[in-house]
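Biologist: Please choose one part of this protein model and take me through it closely, backbone first and charged pairs afterwards. I would like the cut-off behind each term stated where it first comes up.

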Amino acid sequence: MLVAIGAVVGLLTTAVAILIDWLPEQASEQREGIDFLFWLTTAICVGIFAIVAAVILYCVFKFRAQPDDDTDGPPIHGNTTIEIAWTAVPTVLVVIIAIASGIVLARNDRTSADALDIDVTAQQFAWSFRYPNDVTSGTLRLPVNRDVVLNLRANDVLHSFWVPQFGQKQDAVPGTVTRVAVTPNKVGSYPVVCSELCGLGHSLMRTQAVVMPAAEYERWVNDQAEELEGPPGQAGAAVFRNNGCASCHTFAPAGSEAEVGPSLDRLAARARELDRELPDFVRESIVEPDEEVAEGYQPNVMPKTYAELPRDQLDALVQYLVEGQRGGGTG
Ligand code: CUA
(Lines give C-alpha, C1' and ligand atoms only; values in the text may rest on other atoms or scores of the structure.)
Protein backbone atom coordinates (compact mmCIF):
# COMPACT_ATOMS: atom_id res chain seq x y z
CA MET A 1 0.00 0.00 0.00
CA LEU A 2 2.77 2.41 1.02
CA VAL A 3 4.62 1.68 -2.22
CA ALA A 4 1.46 2.14 -4.28
CA ILE A 5 0.79 5.60 -2.80
CA GLY A 6 4.43 6.56 -3.36
CA ALA A 7 4.25 5.43 -6.99
CA VAL A 8 1.07 7.45 -7.64
CA VAL A 9 2.47 10.63 -6.01
CA GLY A 10 5.73 10.16 -7.90
CA LEU A 11 3.96 9.73 -11.23
CA LEU A 12 1.72 12.78 -10.69
CA THR A 13 4.69 14.97 -9.73
CA THR A 14 6.74 13.70 -12.66
CA ALA A 15 3.84 14.49 -15.00
CA VAL A 16 3.69 18.07 -13.68
CA ALA A 17 7.46 18.40 -14.18
CA ILE A 18 7.51 16.98 -17.69
CA LEU A 19 4.18 17.92 -19.27
CA ILE A 20 4.42 21.62 -18.44
CA ASP A 21 7.06 23.48 -20.45
CA TRP A 22 8.87 25.16 -17.55
CA LEU A 23 12.19 26.17 -19.08
CA PRO A 24 12.84 28.97 -21.57
CA GLU A 25 13.98 28.02 -25.07
CA GLN A 26 17.61 26.90 -25.35
CA ALA A 27 19.82 29.43 -27.11
CA SER A 28 23.35 28.70 -25.89
CA GLU A 29 25.70 25.76 -25.62
CA GLN A 30 25.99 26.35 -21.88
CA ARG A 31 22.29 25.78 -21.38
CA GLU A 32 22.59 22.04 -21.96
CA GLY A 33 24.64 21.43 -18.80
CA ILE A 34 22.51 23.82 -16.78
CA ASP A 35 19.32 22.09 -17.88
CA PHE A 36 20.87 18.72 -17.00
CA LEU A 37 21.59 19.99 -13.46
CA PHE A 38 18.07 21.35 -13.24
CA TRP A 39 16.54 18.00 -14.18
CA LEU A 40 18.92 16.04 -11.93
CA THR A 41 17.89 18.14 -8.94
CA THR A 42 14.23 17.94 -9.92
CA ALA A 43 14.38 14.12 -10.21
CA ILE A 44 15.94 13.86 -6.74
CA CYS A 45 13.30 16.20 -5.31
CA VAL A 46 10.45 14.28 -6.97
CA GLY A 47 11.78 11.04 -5.40
CA ILE A 48 12.05 12.52 -1.91
CA PHE A 49 8.66 14.21 -2.21
CA ALA A 50 7.02 10.91 -3.29
CA ILE A 51 8.51 9.02 -0.32
CA VAL A 52 7.60 11.69 2.25
CA ALA A 53 4.07 12.19 0.85
CA ALA A 54 3.46 8.43 0.73
CA VAL A 55 4.54 7.92 4.37
CA ILE A 56 2.40 10.85 5.56
CA LEU A 57 -0.73 9.80 3.62
CA TYR A 58 -0.31 6.16 4.69
CA CYS A 59 0.11 7.05 8.39
CA VAL A 60 -2.79 9.51 8.40
CA PHE A 61 -5.17 6.74 7.34
CA LYS A 62 -3.55 3.65 8.87
CA PHE A 63 -2.86 5.03 12.38
CA ARG A 64 -5.73 7.46 12.86
CA ALA A 65 -7.37 7.23 16.33
CA GLN A 66 -10.78 5.62 16.70
CA PRO A 67 -13.50 7.99 18.00
CA ASP A 68 -13.53 6.44 21.51
CA ASP A 69 -9.78 5.68 21.77
CA ASP A 70 -8.20 7.73 24.64
CA THR A 71 -5.02 5.64 25.11
CA ASP A 72 -1.47 6.94 24.58
CA GLY A 73 0.74 5.61 21.80
CA PRO A 74 3.69 3.34 22.69
CA PRO A 75 6.78 5.19 24.08
CA ILE A 76 9.46 5.17 21.35
CA HIS A 77 13.03 6.39 21.95
CA GLY A 78 14.93 7.02 18.72
CA ASN A 79 15.73 4.63 15.92
CA THR A 80 19.41 4.41 15.03
CA THR A 81 18.82 2.75 11.65
CA ILE A 82 16.44 5.45 10.44
CA GLU A 83 18.62 8.24 11.82
CA ILE A 84 21.69 6.94 10.02
CA ALA A 85 19.65 6.57 6.82
CA TRP A 86 18.24 10.09 6.87
CA THR A 87 21.68 11.53 7.47
CA ALA A 88 23.55 9.39 4.95
CA VAL A 89 21.09 9.52 2.03
CA PRO A 90 20.80 13.35 1.87
CA THR A 91 24.59 13.64 2.27
CA VAL A 92 25.14 11.39 -0.73
CA LEU A 93 22.52 13.26 -2.80
CA VAL A 94 23.97 16.68 -1.97
CA VAL A 95 27.48 15.46 -2.80
CA ILE A 96 26.21 14.17 -6.17
CA ILE A 97 24.61 17.54 -6.93
CA ALA A 98 27.78 19.39 -5.84
CA ILE A 99 30.06 17.28 -8.04
CA ALA A 100 27.76 17.51 -11.07
CA SER A 101 27.45 21.30 -10.58
CA GLY A 102 31.22 21.68 -10.26
CA ILE A 103 31.77 19.83 -13.53
CA VAL A 104 29.09 21.80 -15.42
CA LEU A 105 30.28 25.18 -14.10
CA ALA A 106 33.91 24.41 -14.96
CA ARG A 107 32.91 23.30 -18.48
CA ASN A 108 30.70 26.32 -19.03
CA ASP A 109 33.57 28.65 -18.10
CA ARG A 110 35.81 27.20 -20.81
CA THR A 111 36.25 29.37 -23.88
CA SER A 112 38.40 29.16 -26.98
CA ALA A 113 41.35 31.49 -27.58
CA ASP A 114 39.49 33.51 -30.23
CA ALA A 115 36.56 34.30 -27.94
CA LEU A 116 34.94 37.67 -28.48
CA ASP A 117 35.55 39.96 -25.48
CA ILE A 118 32.79 42.42 -24.63
CA ASP A 119 32.86 44.85 -21.70
CA VAL A 120 29.57 45.15 -19.89
CA THR A 121 28.78 48.01 -17.53
CA ALA A 122 25.87 47.70 -15.13
CA GLN A 123 24.48 50.78 -13.44
CA GLN A 124 21.18 51.74 -11.87
CA PHE A 125 19.25 50.95 -14.07
CA ALA A 126 20.79 50.18 -17.42
CA TRP A 127 23.24 47.95 -19.23
CA SER A 128 25.85 49.20 -21.67
CA PHE A 129 28.11 47.16 -23.89
CA ARG A 130 31.47 47.98 -25.41
CA TYR A 131 33.00 45.96 -28.23
CA PRO A 132 36.69 45.39 -29.00
CA ASN A 133 36.79 48.23 -31.54
CA ASP A 134 35.21 50.65 -29.03
CA VAL A 135 31.75 50.53 -30.55
CA THR A 136 29.28 51.14 -27.72
CA SER A 137 25.72 49.92 -27.59
CA GLY A 138 22.76 49.67 -25.26
CA THR A 139 21.75 46.40 -26.91
CA LEU A 140 23.94 43.32 -26.71
CA ARG A 141 24.68 42.04 -30.22
CA LEU A 142 26.37 38.68 -30.55
CA PRO A 143 27.49 36.46 -33.43
CA VAL A 144 25.96 32.99 -33.38
CA ASN A 145 28.16 29.96 -32.59
CA ARG A 146 31.14 31.92 -31.31
CA ASP A 147 32.45 31.90 -27.74
CA VAL A 148 31.83 35.24 -26.05
CA VAL A 149 33.37 36.42 -22.79
CA LEU A 150 31.47 39.17 -21.01
CA ASN A 151 33.57 41.25 -18.60
CA LEU A 152 31.10 42.63 -16.08
CA ARG A 153 31.61 45.83 -14.13
CA ALA A 154 29.20 47.57 -11.76
CA ASN A 155 29.39 51.31 -11.16
CA ASP A 156 27.24 51.56 -8.06
CA VAL A 157 25.71 48.50 -6.41
CA LEU A 158 25.45 44.77 -7.10
CA HIS A 159 23.70 43.75 -10.30
CA SER A 160 23.46 40.39 -11.99
CA PHE A 161 23.64 39.63 -15.70
CA TRP A 162 21.19 37.02 -16.89
CA VAL A 163 19.72 35.93 -20.20
CA PRO A 164 17.32 33.08 -19.33
CA GLN A 165 17.71 31.50 -22.79
CA PHE A 166 21.52 31.42 -22.35
CA GLY A 167 21.31 29.98 -18.82
CA GLN A 168 24.56 31.59 -17.66
CA LYS A 169 24.23 34.11 -14.85
CA GLN A 170 26.89 36.23 -13.17
CA ASP A 171 26.94 39.03 -10.60
CA ALA A 172 28.40 42.41 -11.47
CA VAL A 173 30.26 43.63 -8.38
CA PRO A 174 31.53 47.19 -7.78
CA GLY A 175 35.32 47.36 -7.59
CA THR A 176 36.07 44.16 -9.46
CA VAL A 177 35.59 42.57 -12.87
CA THR A 178 33.65 39.34 -13.08
CA ARG A 179 33.45 37.17 -16.19
CA VAL A 180 30.87 34.97 -17.77
CA ALA A 181 31.13 32.91 -20.95
CA VAL A 182 28.31 32.44 -23.43
CA THR A 183 28.22 30.63 -26.76
CA PRO A 184 24.89 31.57 -28.34
CA ASN A 185 23.77 28.86 -30.76
CA LYS A 186 20.43 30.18 -31.98
CA VAL A 187 19.74 33.37 -33.92
CA GLY A 188 17.09 35.48 -32.23
CA SER A 189 16.36 38.21 -29.73
CA TYR A 190 16.37 37.46 -26.02
CA PRO A 191 15.84 39.55 -22.88
CA VAL A 192 18.82 40.65 -20.78
CA VAL A 193 17.58 40.71 -17.20
CA CYS A 194 19.12 42.12 -14.02
CA SER A 195 18.58 39.41 -11.44
CA GLU A 196 19.92 41.10 -8.33
CA LEU A 197 17.65 43.52 -6.46
CA CYS A 198 19.50 46.80 -7.07
CA GLY A 199 17.04 49.58 -6.28
CA LEU A 200 13.70 51.03 -7.33
CA GLY A 201 14.29 50.54 -11.05
CA HIS A 202 15.55 46.95 -10.73
CA SER A 203 12.61 45.44 -12.59
CA LEU A 204 13.13 47.88 -15.46
CA MET A 205 16.84 47.13 -15.82
CA ARG A 206 16.43 45.20 -19.04
CA THR A 207 17.64 45.26 -22.60
CA GLN A 208 17.90 42.84 -25.50
CA ALA A 209 20.54 40.32 -26.53
CA VAL A 210 20.39 40.01 -30.30
CA VAL A 211 22.10 36.91 -31.69
CA MET A 212 22.96 37.41 -35.36
CA PRO A 213 24.51 35.29 -38.11
CA ALA A 214 28.31 35.77 -37.95
CA ALA A 215 28.56 37.71 -41.22
CA GLU A 216 25.72 40.02 -40.22
CA TYR A 217 27.38 40.69 -36.86
CA GLU A 218 30.71 41.51 -38.54
CA ARG A 219 28.95 43.87 -40.91
CA TRP A 220 27.13 45.57 -38.03
CA VAL A 221 30.21 46.04 -35.86
CA ASN A 222 32.32 47.25 -38.81
CA ASP A 223 29.61 49.64 -40.00
CA GLN A 224 29.36 51.12 -36.52
CA ALA A 225 33.13 51.48 -36.23
CA GLU A 226 33.24 53.15 -39.65
CA GLU A 227 30.49 55.58 -38.74
CA LEU A 228 32.28 56.45 -35.50
CA GLU A 229 35.39 57.23 -37.57
CA GLY A 230 33.35 59.37 -39.95
CA PRO A 231 32.39 63.06 -39.69
CA PRO A 232 31.11 64.05 -36.22
CA GLY A 233 27.52 64.35 -37.39
CA GLN A 234 27.52 60.76 -38.60
CA ALA A 235 29.47 59.50 -35.58
CA GLY A 236 27.11 61.31 -33.22
CA ALA A 237 24.10 59.81 -34.96
CA ALA A 238 25.61 56.33 -34.53
CA VAL A 239 26.28 56.90 -30.83
CA PHE A 240 22.74 58.23 -30.40
CA ARG A 241 21.23 55.23 -32.16
CA ASN A 242 23.38 52.51 -30.55
CA ASN A 243 22.99 53.74 -27.01
CA GLY A 244 19.24 53.79 -26.96
CA CYS A 245 18.74 57.59 -26.68
CA ALA A 246 15.82 57.32 -29.10
CA SER A 247 13.86 55.01 -26.84
CA CYS A 248 13.38 57.82 -24.29
CA HIS A 249 13.79 61.13 -26.12
CA THR A 250 12.18 63.00 -28.98
CA PHE A 251 14.81 64.32 -31.39
CA ALA A 252 13.76 65.44 -34.87
CA PRO A 253 17.08 64.78 -36.69
CA ALA A 254 16.98 61.17 -35.45
CA GLY A 255 13.28 60.82 -36.17
CA SER A 256 12.56 59.72 -32.61
CA GLU A 257 9.34 60.59 -30.82
CA ALA A 258 9.61 58.95 -27.38
CA GLU A 259 8.47 60.96 -24.38
CA VAL A 260 10.03 59.23 -21.38
CA GLY A 261 12.58 62.03 -21.06
CA PRO A 262 12.51 65.68 -22.14
CA SER A 263 12.55 66.50 -25.85
CA LEU A 264 16.06 67.02 -27.18
CA ASP A 265 14.68 69.41 -29.78
CA ARG A 266 14.35 71.94 -26.97
CA LEU A 267 17.95 71.80 -25.74
CA ALA A 268 18.81 75.20 -27.21
CA ALA A 269 15.74 76.81 -25.67
CA ARG A 270 16.56 75.17 -22.32
CA ALA A 271 20.15 76.38 -22.37
CA ARG A 272 18.93 79.89 -23.12
CA GLU A 273 16.48 79.76 -20.20
CA LEU A 274 19.27 78.63 -17.89
CA ASP A 275 21.69 81.13 -19.42
CA ARG A 276 24.19 78.38 -20.23
CA GLU A 277 26.49 77.70 -23.16
CA LEU A 278 24.70 75.12 -25.27
CA PRO A 279 27.57 72.57 -25.69
CA ASP A 280 28.39 72.68 -21.95
CA PHE A 281 24.76 72.25 -21.03
CA VAL A 282 24.33 69.33 -23.43
CA ARG A 283 27.46 67.59 -22.16
CA GLU A 284 26.47 68.02 -18.53
CA SER A 285 22.98 66.70 -19.25
CA ILE A 286 24.48 63.51 -20.68
CA VAL A 287 27.20 62.93 -18.10
CA GLU A 288 25.39 64.20 -15.00
CA PRO A 289 21.73 63.98 -15.93
CA ASP A 290 20.52 64.85 -12.42
CA GLU A 291 22.34 68.21 -12.21
CA GLU A 292 19.60 70.06 -14.06
CA VAL A 293 16.39 68.07 -14.42
CA ALA A 294 13.82 69.56 -16.79
CA GLU A 295 10.52 70.59 -15.25
CA GLY A 296 7.94 67.81 -15.21
CA TYR A 297 10.58 65.05 -15.14
CA GLN A 298 12.04 63.01 -12.26
CA PRO A 299 15.72 62.72 -11.32
CA ASN A 300 17.37 59.26 -11.28
CA VAL A 301 15.50 58.12 -14.37
CA MET A 302 18.20 58.67 -16.97
CA PRO A 303 21.05 56.19 -16.44
CA LYS A 304 24.47 57.64 -15.67
CA THR A 305 26.23 55.05 -17.83
CA TYR A 306 26.67 57.60 -20.61
CA ALA A 307 29.52 59.10 -18.60
CA GLU A 308 31.33 55.88 -19.56
CA LEU A 309 31.22 56.61 -23.29
CA PRO A 310 34.66 56.89 -24.89
CA ARG A 311 35.67 60.56 -25.03
CA ASP A 312 35.48 60.91 -28.81
CA GLN A 313 32.03 59.30 -28.90
CA LEU A 314 30.79 61.66 -26.19
CA ASP A 315 32.19 64.63 -28.12
CA ALA A 316 30.49 63.41 -31.31
CA LEU A 317 27.19 62.93 -29.49
CA VAL A 318 27.33 66.44 -28.00
CA GLN A 319 28.09 67.90 -31.41
CA TYR A 320 25.28 65.91 -33.03
CA LEU A 321 22.79 67.21 -30.46
CA VAL A 322 24.04 70.80 -30.70
CA GLU A 323 23.88 70.81 -34.49
CA GLY A 324 20.45 69.25 -34.41
CA GLN A 325 19.11 72.37 -32.67
CA ARG A 326 19.19 74.50 -35.83
CA GLY A 327 15.94 73.14 -37.15
CA GLY A 328 13.62 73.39 -34.23
CA GLY A 329 15.33 75.19 -31.36
CA THR A 330 12.33 77.37 -30.59
CA GLY A 331 9.43 76.31 -28.46
CU1 CUA B 1 20.42 46.01 -11.58
CU2 CUA B 1 18.71 44.81 -10.46
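Modeller: What follows is a close look at domain 2 and its partners in charge pairing, with a short look at another charged group for context. This is a predicted model, in which local features need pLDDT of at least 70 and side-chain atom pairs count only at pLDDT 80 or more, while totals for chains, interfaces and linings use all residues. Residues are numbered from 1 along each chain as its sequence is written, and side-chain values use heavy atoms, with hydrogens and water left out.

The chain is divided into domain 1 (2–62 + 79–108), domain 2 (116–212) and domain 3 (230–327), with bounds that come from an automatic or database domain assignment. Between the centres of domain 1 and domain 3, taken over C-alpha atoms, the separation is 53 Å.

Let me start with the backbone. Gln124 sits in the loop between strand 1 (116–123) and strand 2 (126–130), where strands are DSSP runs of E with at least two residues and helices are runs of H or I with at least four, numbered from the N terminus. Phe125 has its place in the loop between strand 1 and strand 2 too, and the peptide bond leading from Gln124 to Phe125 is cis, with omega near 0°. Gln124 counts as partly exposed because its relative accessibility is 29%, given that buried means under 20% relative accessible area, exposed over 50% and partly exposed in between (1.4 Å probe, protein chains only). Although Gln124 and Asn108 are 16 residues apart along the chain, their C-alpha atoms are separated by 28 Å.

A further backbone feature is found at Asp134, a residue other than glycine whose phi is positive, near 70°. Asp134 belongs to the loop between strand 2 and strand 3 (136–137), and its relative accessible area of 34% makes it partly exposed. As background to both features, most residues other than glycine have a negative phi, and most peptide bonds are trans.

Turning to charge, a salt bridge is a side-chain nitrogen of Lys or Arg within 4 Å of a carboxyl oxygen of Asp or Glu, and by this rule the count comes to ten. One of them joins Asp119 and Arg153, with their closest N and O atoms 3.6 Å apart. Asp119 lies in strand 1 and Arg153 in strand 5 (residues 148–154), so this pair ties together parts that are 34 residues apart in sequence. Both partners are partly exposed, Asp119 at 30% relative accessibility and Arg153 at 36%.

Another salt bridge brings together the side chains of Lys186 and Glu25, at 2.9 Å from N to O. This pair links distant parts of the chain, 161 residues apart, since Lys186 is in the loop between strand 8 (178–182) and strand 9 (188–194), and Glu25 is in the loop between helix 1 and helix 2. Lys186 is partly exposed at 37% relative accessibility, and Glu25 is partly exposed as well, at 40%.

For context, Glu273 and Arg270 form a salt bridge at 3.8 Å, N to O. Being three residues apart in helix 6, these two are separated by about one helical turn. Glu273 is exposed, with a relative accessible area of 54%, whereas Arg270 is buried at 16%. Salt bridges that share partners join Arg266, Arg270 and Glu273 into one network.
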